[in-house]
Amino acid sequence: MDKMPFINLVLQSFPESVLLLLFGTSLFKRQPDKFRLLAGAAISALCSDLIRRLPFPYGIHAIVGVIVLTLIFKFLLAMSFYQGLVASLTTLATLGAIEILLLPLETSSLGLSRFSDAWPRPSLRILMAVPELAIMALITYKLYRTNI
């Protein structure tokens, strides 16, 4: 159970959701409508915050995240169900891989024993998310610019 401060919801979770939706649509070379993209990101960020507050075992939030993103891709961003499912799985797997690679470096460079030590410090949580979001933005930009 994690209670994310409102500032982190706005400055960390919402931008992350925008990037996740852009990444997923870029996999299928789609240009999402800006209003629908921002609405989907707001829904995703709020659902993520709500799920983290519930006393589910670790990992359940990822399954719910796949479901929420798939529904957003399908109903807000006009993708087929299978495209939305592939986009959500690929998006979350990519974000997870980036986090797995960066978190040990970030925690050791910040002098933390565990990454969860940063949870009660909102500014530290935002700082630790910046490299992940930058890498995700770079990958998304490359996907849009190239014909992969």
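In this predicted model, I139 sits in helix α5, which spans residues 122-145. The relative accessible area of I139 is 31%, between the 20% and 50% cut-offs, so I139 counts as partly exposed. Beyond its neighbours within four places in sequence, I139 contacts F23, T94 and I98. The pairing with F23 joins positions 116 residues apart in sequence. Their C-alpha atoms lie 7.8 Å apart in space.

Helix α1 (residues 6-27) packs against helix α2 (residues 34-53). The angle between them is about 125°, and the axes are 8 Å apart. Angles of 65 to 115 degrees count as roughly perpendicular and those over 145 as roughly antiparallel; α1 and α2 are therefore oblique to each other. The crossing of α1 past α2 is right-handed. On the α1 side, the contact is made by L9, S13, F14, S17, V18, L21 and L22. Helix α2 contributes L37, L38, G40, A41, A42, S44, A45, L46, S48 and D49. By class, this contact holds 11 nonpolar, 5 polar and 1 charged residues.

The loop between α1 and α2 contains K29. K29 is not a glycine, yet its phi is positive, at about 55°. Most residues other than glycine have a negative phi. The relative accessibility of K29 is 37%, so K29 counts as partly exposed.

A second helix pair is formed by α3 (residues 60-76) and α4 (residues 81-109). Their axes come within 8 Å and cross at roughly 135°. This angle makes α3 and α4 oblique to each other, because it falls short of the 145 degrees above which a pair counts as roughly antiparallel. The crossing of α3 and α4 is right-handed. From α3, the contact draws on A62, G65, V66, L69, T70, F73 and K74. From α4, it draws on F81, G84, L85, A87, S88, L89 and L92. These residues divide into 9 nonpolar, 4 polar and 1 charged.

A78 lies in the loop between α3 and α4. Phi of A78 is near 55°, a positive value in a residue other than glycine. The relative accessible area of A78 is 56%, which is over the 50% cut-off, so A78 is exposed.

In soluble globular proteins, nonpolar side chains tend to be buried together. The largest nonpolar core of this model has 21 residues. Those with the most contacts inside this core are L20, L21, L69, I72, F73, L77 and M136. Helices α1, α2, α3, α4 and α5 each give two or more residues to the core. The largest share, 5 residues, comes from α1. L69 ties several of these elements together at the level of single contacts: not counting residues up to four places away in sequence, L69 touches L20, L21, S44, S88 and L92. Apart from this core lies another, of 5 residues, among them L103, L112, L124 and M128.

Some residues recur across these descriptions. L21 takes part in the contact of α1 with α2, and L21 is also listed among the core residues with the most contacts. L69 and F73 belong to the α3 side of the contact with α4. Both L69 and F73 also appear in that core list. S44, on the α2 side of the contact with α1, is touched by L69. S88 and L92, on the α4 side of the contact with α3, are touched by L69 as well.

Notes: Residues numbered from 1 in each chain as written. Predicted model: local features only at pLDDT ≥ 70, side-chain atom pairs only at ≥ 80, totals over all residues. Heavy atoms only, no water. Helix = DSSP H or I, 4+ residues; strand = E, 2+ residues; numbered from the N terminus. Buried < 20%, exposed > 50% of the residue type's maximum accessible area, 1.4 Å probe, protein only. Contact = heavy atoms within 4.5 Å. Axes fitted to C-alpha atoms, helices over the stretch in contact; angles between N-to-C directions. Parallel < 35°, antiparallel > 145°, perpendicular 65-115°, else oblique. Left-handed = near helix turned anticlockwise from the far one by under 90°. Nonpolar A, V, L, I, M, F, W, Y, C, P; charged D, E, K, R; others polar. Core = buried A, V, L, I, M, F, W, Y, C linked by side-chain atoms within 4.5 Å.
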